[in-house]
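Biologist: I am new to this structure. Please pick one part of it, look at it closely, and then place it within the rest.

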Amino acid sequence: MTLRPPNLSQSKIKGRFGAPFVKRPRIFERPNSLSHSDVEIVDLRQAPECLALVANRIWQTWWEADGYTLADVVTALEDVIKAADHPFTLVAVRQRQFLGTVTSIMDDIGARPDWGPCLAALWVEPEARGEGLGEALMHAVSQRLSAQGFERVYLSAKPKMRAYYLQRGWTMIDSDIDKDHQDVFMRLLTPCHDGAAER
Ligand SMILES: CC(C)(COP(=O)(O)OP(=O)(O)OC[C@H]1O[C@@H](n2cnc3c(N)ncnc32)[C@H](O)[C@@H]1OP(=O)(O)O)[C@@H](O)C(=O)NCCC(=O)NCCS
């Protein structure tokens, strides 16, 4: 999953999602699958103190190798925060401690620009891994997108992650995509009647 550097910094994200929704989505979501009841998944807009850490993780994991600076990622995240509802970045926190993050953007798969929205930049802090946080972050993205009226979500990932996503209900729909020979996965979203009127 790349959260391709050029996209987050391109204005077309804002252009496609700049129209405000009538109703705001829920901000706090408590993942069911976590054994730790004190973990919350929060929109980055409500946890701006996490922005620097989120930017650092995205930069080190995905952007630095392509020659982008940390400031480039900060700028991209600031653009995400300015959007009305989508794109969005979520963070997992426990007692104000940053544990992980995930972002949804419309276009993250270079070779398949029509496949969106996409789940991107899934990251869990090393000391918090294996608790189901990664799955909880994906679940929170699915819930949010469903509430916004989307019917499916996509992601791309390196082949070494194939088992991870297949074991979590994603269907592989393409492979050998883009420069990293990525797989592409899709997940149907459960209709959320509560939020269907948002779009
Ligand atoms: C991938 C990642 C988000 C998973 O976070 P997590 O909170 O540990 O995920 P979960 O707790 O939901 O799942 C953990 C399980 O996934 C497994 N897993 C992790 N990476 C895997 C992989 N590449 N292939 C198969 N299984 C994998 C773990 O072994 C663990 O298995 P277990 O439950 O049997 O012990 C985390 O390892 C991470 O941040 N990695 C670095 C960034 C990254 O690679 N992001 C994904 C880009 S596509």
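Modeller: A word on terms comes before the loops: helices are DSSP runs of H or I with at least four residues, strands are DSSP runs of E with at least two, and both are numbered from the N terminus. With that in hand, Thr69 can be placed in the loop between α3, residues 51-63, and α4, residues 70-82. The model is a predicted one.

The part to look at closely is helix α5, but an outline of the whole comes first. The protein has six helices and eight strands. Read from the N terminus, the elements follow the order α-α-β-β-α-α-β-β-β-α-β-α-β-β. Of the 199 residues, 40% count as buried. Among contacts between residues at least 6 apart in sequence, 66% join residues at least 24 apart.

Helix α5 spans residues 133-147, which makes 15 residues. From the first C-alpha to the last, α5 reaches 21 Å, close to the 21 Å expected at 1.5 Å a residue. The helix is mostly covered, with twelve of its 15 residues buried. The buried residues of α5 include Leu133, Ala136, Leu137 and Val141. Residues with polar side chains are on that list as well, among them His139, Ser142, Arg144 and Ser146. After the helix comes Gly149, which has a positive phi near 95°.

Which residues touch the most other members of the largest nonpolar core? That core has 47 residues, and the ones in question are Leu90, Ala92, Val102, Leu119, Leu137, Val141 and Tyr154. Two of these, Leu137 and Val141, are buried residues of α5. As a general point, nonpolar side chains in soluble globular proteins tend to be buried together.

Ala92 shows how α5 connects to other parts of the chain. Leaving out residues up to four places away in sequence, Ala92 touches Val39, Ile41, Leu99, Gly100, Leu133, Ala136 and Leu137. Of these contacts, Leu133, Ala136 and Leu137 are buried residues of α5. Ala92 itself falls in β3, which runs over residues 88-94, while Leu99 and Gly100 fall in β4, residues 97-105.

From Gly100 the path leads on to β5. The bridge partner of Gly100 in β5 is Val124. β4 and β5 pair in the antiparallel sense, over five bridges. β5 is largely enclosed by the rest of the structure, because seven of its seven residues are buried.

The loops beside these strands have some backbone features. Between β4 and β5 (118-124) lies Pro117, and the peptide bond from Gly116 to Pro117 is cis, with omega near 5°. Pro87 is in the loop between α4 and β3, and the peptide bond from His86 to Pro87 is also cis, with omega near 5°. Arg96 sits in the loop between β3 and β4; its phi is positive, about 70°, although Arg96 is not a glycine. Why is Arg96 counted as exposed? The reason is that Arg96 has 9 C-beta neighbours inside 10 Å, and a residue is exposed if that number is 12 or fewer.

His181 also has a positive phi without being a glycine, at about 55°. The loop that holds His181 lies between β7 (171-177) and β8 (182-188). With 10 other C-beta atoms within 10 Å, His181 is exposed.

Helix α4 can be set beside α5. α4 has 13 residues and reaches 19 Å from its first C-alpha to its last, close to the 18 Å expected at 1.5 Å a residue. Val73, Ala76, Leu77 and Val80 are buried in α4. They cover an arc of only 95° around the axis, so they lie on the same side of α4. Ala71, Glu78 and Lys82 are exposed on the other side of α4.

Thr69, in the loop before α4, is exposed, with 11 other C-beta atoms within 10 Å. Thr69 and Trp59 are ten residues apart in sequence, and their C-alpha atoms are 7.3 Å apart in space.

The last step returns to α5. Tyr164 is in helix α6, residues 162-166, and is partly exposed, with 14 other C-beta atoms within 10 Å. Tyr164 and Glu135 are 29 residues apart along the chain, with 9.7 Å between their C-alpha atoms. Glu135 falls within α5, residues 133-147.

Notes. Residues are numbered from 1 along each chain as its sequence is written. This is a predicted model: local features need pLDDT of at least 70, side-chain atom pairs count only at pLDDT 80 or more; totals for chains, interfaces and linings use all residues. A nonpolar core is a set of buried Ala, Val, Leu, Ile, Met, Phe, Trp, Tyr and Cys residues joined through C-beta atoms within 7 Å. A residue is buried if 20 or more other C-beta atoms lie within 10 Å of its own, exposed if 12 or fewer, and partly exposed in between; C-beta atoms are placed from the backbone. Two residues are in contact if their C-beta atoms, placed from the backbone, lie within 7 Å. The expected span of a helix is 1.5 Å times one less than its number of residues. The arc is that of the directions from the helix axis to the C-beta atoms. Two strands pair if DSSP finds at least two bridges between them.
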